[in-house]
Amino acid sequence: MSKLNATTLQQSIETMLTEANAKVTRTKKTIKGKEKVYRHRRRWPESIELQVTLKQYDTQKDKRFSGSVRLPRLARPRFKVCVIGDAYHEEQAQKLKIPSMNVEDLKKLNKNKKLVKKMCQQHDAFLASESLIKTIPRIVGPHMNRAGKFPTAIAQGEDLQGKVTEIRSTIKFALKKTLVMNAVVGHVKMNVDDVRLNVTLATNFLVSLLKKNWQNMKSVNLKSTFGHPFRLY
């Protein structure tokens, strides 16, 4: 059961979306030294991030956990997914206007660490045809895996667009060296109810991974990319 206050959550999201979607006021000095005021909206929708701090955890002694959950609403529409496909999936990707590569493109990298790293930096995640997944390490070496970008397999006949949407809607929580965790749970062009749904599910999922559930939660904040944080718990 969620311990987030429903009223606080609702008001925080409403205020955040109002502030983020308002025009930004800036001043700029002209050649003559006078200040010119102009207002504009940002070119891209800001992300909304859930920021959690844990307590009563020893990252060196306690068992580390990791878990992924698909949010009910699309959280990261700008998340860049690239398809490493056979002829079938490459054709499907082109029809859907999804960035794609084939085996020949990978061979051109010649297992060069810098080139593979550059490729990984250009995309947030990769999908690969099931028929190619085992050959990729032999072609590019271990560098994709080390970068945390090893592809997710996709079978022939599987809905490619649906798979991309799934990746863009899935978030991961993992206990590492710090007690602070962040996850993108939406963007400022979403409506209040959709953001609230994602925040509630993401928080409850993280709580379910903790050894003492809500007793391990020190604070929960919600923040847009350029906005100030809103304390939820």
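## Ser219 and its surroundings

Let's start with Ser219, which sits in strand 11, the stretch covering residues 217-224. Keep in mind that this is a predicted model. Is Ser219 buried or exposed? With a relative accessible area of 10%, Ser219 is buried, because the cut-off for that label is under 20%.

As for the company Ser219 keeps, set aside the neighbours within four places in sequence and you're left with contacts to Gln51, Val52, Thr53, Arg231 and Tyr233. Two of the strands described next take in some of these partners: strand 3 spans residues 47-54, and strand 12 spans 230-231.

## The sheet around strand 11

Strand 11 belongs to an open sheet of 4 strands, ordered 10-3-11-12 and paired antiparallel. The edges are strand 10 and strand 12, each of which pairs on one side only. As general background, strands of a sheet pair through backbone hydrogen bonds, and they can do so parallel or antiparallel.

Zooming in on one pairing, strand 3 and strand 11 run antiparallel and are joined by 7 bridges. Which residue stands opposite Ser224 of strand 11? That would be Ile48.

## Salt bridges

How many salt bridges turn up in the model? The count comes to 6, and three of them are worth walking through here. Helix 3 (residues 103-107) holds both Lys107 and Glu104, placed 3 residues apart, or about one turn of the helix. Their side chains meet in a salt bridge at 3.8 Å, N to O. Both partners are partly exposed: Lys107 has a relative accessible area of 47%, and Glu104 has 48%.

Helix 8 (residues 192-209) offers another case, with Arg196 and Asp193 set 3 residues apart, so about one helical turn separates them. The side chains of Arg196 and Asp193 meet in a salt bridge with an N to O distance of 3.2 Å. Arg196 is partly exposed at 30% relative accessible area, and Asp193 is partly exposed as well, at 42%.

Then there's the salt bridge between the side chains of Glu158 and Lys163, at 3.5 Å, N to O. Here the labels split: Glu158 counts as partly exposed at 32% relative accessibility, whereas Lys163 is buried, with a relative accessible area of 14%.

## The largest pocket

If you're after pockets, the largest one has a volume of about 820 Å³. It is lined by 28 residues, and those closest to its centre are Ser68, Arg76, Thr170, Ile171 and Lys172. Which elements give two or more residues to this lining? They are strand 7 (125-129), helix 7 (160-169), strand 9 (170-174) and strand 10 (180-187).

By class, the lining of the largest pocket breaks down into 13 nonpolar, 6 polar and 9 charged residues.

## The second largest pocket

The second largest pocket holds about 220 Å³ of space. Its lining has 17 residues, with Ser47, Arg76, Arg78, Phe79 and Asp124 the closest to the centre. Arg76 shows up here again, having also been listed among the residues closest to the centre of the largest pocket.

Strand 10 gives the most to the lining of the second largest pocket, with 3 residues. That ties back to the sheet, where strand 10 is an edge strand. The class breakdown for the second largest pocket is 6 nonpolar, 6 polar and 5 charged residues.

Terms used
Residues numbered from 1 in each chain as written. Predicted model: local features only at pLDDT ≥ 70, side-chain atom pairs only at ≥ 80, totals over all residues. Heavy atoms only, no water. Buried < 20%, exposed > 50% of the residue type's maximum accessible area, 1.4 Å probe, protein only. Contact = heavy atoms within 4.5 Å. Salt bridge = Lys/Arg side-chain N within 4 Å of Asp/Glu carboxyl O. 1 Å grid on protein atoms, 1.4 Å probe; cavity = no way out; pocket = protein on both sides within 12 Å on 5 of 7 lines; lining within 4 Å. Points joined across faces, edges and corners; volume = space filled by probe spheres on them. Nonpolar A, V, L, I, M, F, W, Y, C, P; charged D, E, K, R; others polar. Pairing = 2+ DSSP bridges.
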